[in-house]
Amino acid sequence: MTTPIRKVHKIESRIALDIATPVAEQHKKRVAAYARVSTDSDEQLSSYEAQVNFYAQHIKSNPEWEFVSVYTDEGISGTNTKKREGFNHMIEDALCGKIDLILTKSISRFARNTVDTLTAVRRLKEKGVEVYFEKENIHTLDAKGEVMITIMSSLAQEESRSISENVTWGKRKSMEDGKVNMPYKSFLGYEKGEDGLPKIVEAEAEIVRKIYNLFLEGKTVRAIANLLVSEGIPTPAGKKQWSVSTIMSILQNEKYKGDALLQKTYTADFLTKKIRKNRGELPQYYIKNSHPAIINPEMFDLVQKEIERRRPVRRQLHKNSPFTARILCNDCHGFYGRKVWHSGSKYRKCIWRCNHKYDHKTACTTPILEEEEIMDASVMAFNQVLEKKEPYIKHLKELFIKLADTQDLEKQQDLARTKHADLINDLRRYMNENTRQIQDQEEYNRRFSEMDARCKRAEERIAYLDGKMVEQLGQKEQIHRCLKKLEQCGESLAEFDADLWCTMVDSVTVFADKTLVFRFYGNMKVSVKISENK
């Protein structure tokens with residue numbers, strides 16, 4: 001049988017026979033550009049404006065191109081694309097068929113994250129959209145384009161890592177030198193001075209002082225927030241609505257007493273820019289008297305003491321009453337809480353009783369008190385104090401002088417910190433020694449545990465002494481406030497004064513027979529028995 005002869009037939013392309021499209025009828029290439037700077041400095045912003053103007057003129061001057069837009073991002077990092085609205089808008093328009101070619105200065109301007117760069121380029125490539133990187137002279141639709149992009153974007157990512165490390169090093173060096181920076185745009189009370197240091201903005205500082213005073217007068221954090229809203233005072237960020245967290249951050253920020261704790265947070269990943277709270281991963285720096293204070297240190301410490309005092313009954317702190325967290329049950333030593341009886345009726349009244357009255361097998365024997373009874377008893381107690389006003393003032397002044405002397409406590413703090421630093425250095429040397437030479441790891445672990453335990457005990461000692469200092473300075477400020485109030489008081493009190501109560505009364509203990517023992521600051525005690533017939 002004869003084998004069939006193989007024949008090859010060429011099928012001619014019709015395209016080669018098509019009449020060429022006249023130049024005038026060809027579609028112009030739709031061209032856009034992308035420009036970005038990563039900081040808000042004036043120098044960078046001028047570069048940003050120059051990029052925008054250059055690309056707009058460059059595209060419009062080419063007769064074969066149709067200008068689409070110059071997409072921009074101002075003051076945004078290129079390490080990821082999550083918050084780059086201009087970039088994301090451009091990609092969306094390109095994928096929708098509105099762009100044929102994108103011009104950009106360099107791969108580092110496009111993105112410094114290799115994954116983001118390649119992902120974006122490949123998505124655009126699938127739709128036939130080309131990106132031209134001017135500095136590297138790379139066209140993404142070229143055969144070698146993706147290989148070059150992979151290499152160049154990897155280098156750009158490493159450059160970003162290097163820049164991040166340099167910036168971090170610079171910041172930490174500034175911290176070691178005691179230089180303080182604040183987010184002035186959203187920090188109430190300060191602006192950057194001509195010398196680069198924080199400068200008090202008096203109008204804003206008055207708001208800060210008002211917040212501290214209201215808190216010490218017994219106002220709750222929520223009540224303070226509502227008051228500021230009602231008075232039309234804007235938040236540090238310029239918003240109308242104050243939140244509890246914003247008030248608390250102001251009350252607890254040491255910068256308001258002229259000190260600065262640096263490196264409270266750190267950047268955990270240079271690509272994602274994720275910020276984490278520093279829980280000992282990195283060193284911190286505490287700078288005393290780093291800038292002018294808005295709140296004196298004693299008042300600041302008194303506020304911290306008051307925050308701690310209120311913390312156990314924080315569920316009731318939304319009830320704006322001076323009696324909250326101050327009235328104690330003699331049976332269980334728990335706090336009295338406020339209740340409303342017959343709410344919504346004409347018989348409505350506020351009463352106070354032990355919060356734990358029925359929590360135990362045997363109910364507390366302490367009585368329920370009407371709010372008016374507590375107020376009347378308070379007036380009687382204050383009048384007893386005012387009868388002994390002069391000796392009481394003398395006692396408070398002596399106590400104030402004693403509390404003002406913190407030299408011994410400061411020496412103890414310095415010694416404790418020096419000891420802790422030495423222990424940490426010993427532990428670090430021991431760890432480094434273990435990496436340089438082979439040791440018995442069981443013995444190493446045993447000794448490491450001992451050294452680590454000594455470090456922790458030293459840290460506990462520092463925390464204890466710091467707490468004592470806060471307590472002492474807080475008491476000093478409280479006594480100072482008591483003296484000022486007593487000087488303003490007359491010979492007797494006619495009606496209940498909430499501000500006077502919050503300034504003078506440390507606590508009130510309620511006994512089963514309706515005797516109330518008032519403990520005033522300075523450890524002065526006064527007993528008042530409420531009549532059973534009342």
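1. In this predicted model, Ile102 stands opposite Val131, a residue of strand β4. The two strands concerned, β3 (residues 101-104) and β4 (residues 130-133), are parallel and are joined by four bridges.

2. The pairing of β3 with β4 belongs to an open sheet of five strands, ordered β2-β1-β3-β4-β5. Its pairing is mixed. The edges are formed by β2 (65-74) and β5 (138-139), each of which pairs on one side only. As general background, the strands of a sheet pair through backbone hydrogen bonds, in either a parallel or an antiparallel manner.

3. Helix α2 (residues 85-95) should be considered together with this sheet. The helix lies across three strands, β1 (29-37), β2 and β3. Relative to β2, helix α2 runs at about 150°. One of the strands it lies across, β2, is also an edge strand of the sheet.

4. A further open sheet has three strands in the order β13-β14-β15, and here the pairing is antiparallel. Strands β13 (336-341) and β15 (369-370) are at the edges, each with pairing on one side only. Between β14 (residues 349-354) and β15 there are two bridges in the antiparallel sense. Which residue of β15 is the bridge partner of Ile351? The partner is Glu370.

5. Turning to helix packing, the axes of α6 (residues 202-216) and α8 (residues 244-252) come within 10 Å of each other and cross at roughly 95°. The two helices are therefore roughly perpendicular to each other. On the α6 side the contact is made by Val208, Ile211, Tyr212 and Phe215, and on the α8 side by Ile247, Ile250, Leu251 and Gln252. Of these contact residues, seven are nonpolar and one is polar, while none is charged.

6. Cavities also deserve comment. In general, rolling a probe the size of a water molecule over the atoms shows where empty space is left. How many cavities of 30 Å³ or more does the structure hold? There are two. The second largest cavity has a volume of about 50 Å³.

7. The lining of that second largest cavity consists of Leu216, Glu306, Arg326, Gln478, Arg481, Cys502, Thr503 and Tyr521. Helices α13 (441-488) and α14 (498-504) each contribute at least two residues to this lining. By class, the lining of the second largest cavity comprises three nonpolar, two polar and three charged residues. The contact of α6 with α8, by comparison, includes no charged residue.

Definitions and conventions:
Residues numbered from 1 in each chain as written. Predicted model: local features only at pLDDT ≥ 70, side-chain atom pairs only at ≥ 80, totals over all residues. Heavy atoms only, no water. Axes fitted to C-alpha atoms, helices over the stretch in contact; angles between N-to-C directions. Parallel < 35°, antiparallel > 145°, perpendicular 65-115°, else oblique. Contact = heavy atoms within 4.5 Å. Nonpolar A, V, L, I, M, F, W, Y, C, P; charged D, E, K, R; others polar. Pairing = 2+ DSSP bridges. 1 Å grid on protein atoms, 1.4 Å probe; cavity = no way out; pocket = protein on both sides within 12 Å on 5 of 7 lines; lining within 4 Å. Points joined across faces, edges and corners; volume = space filled by probe spheres on them.
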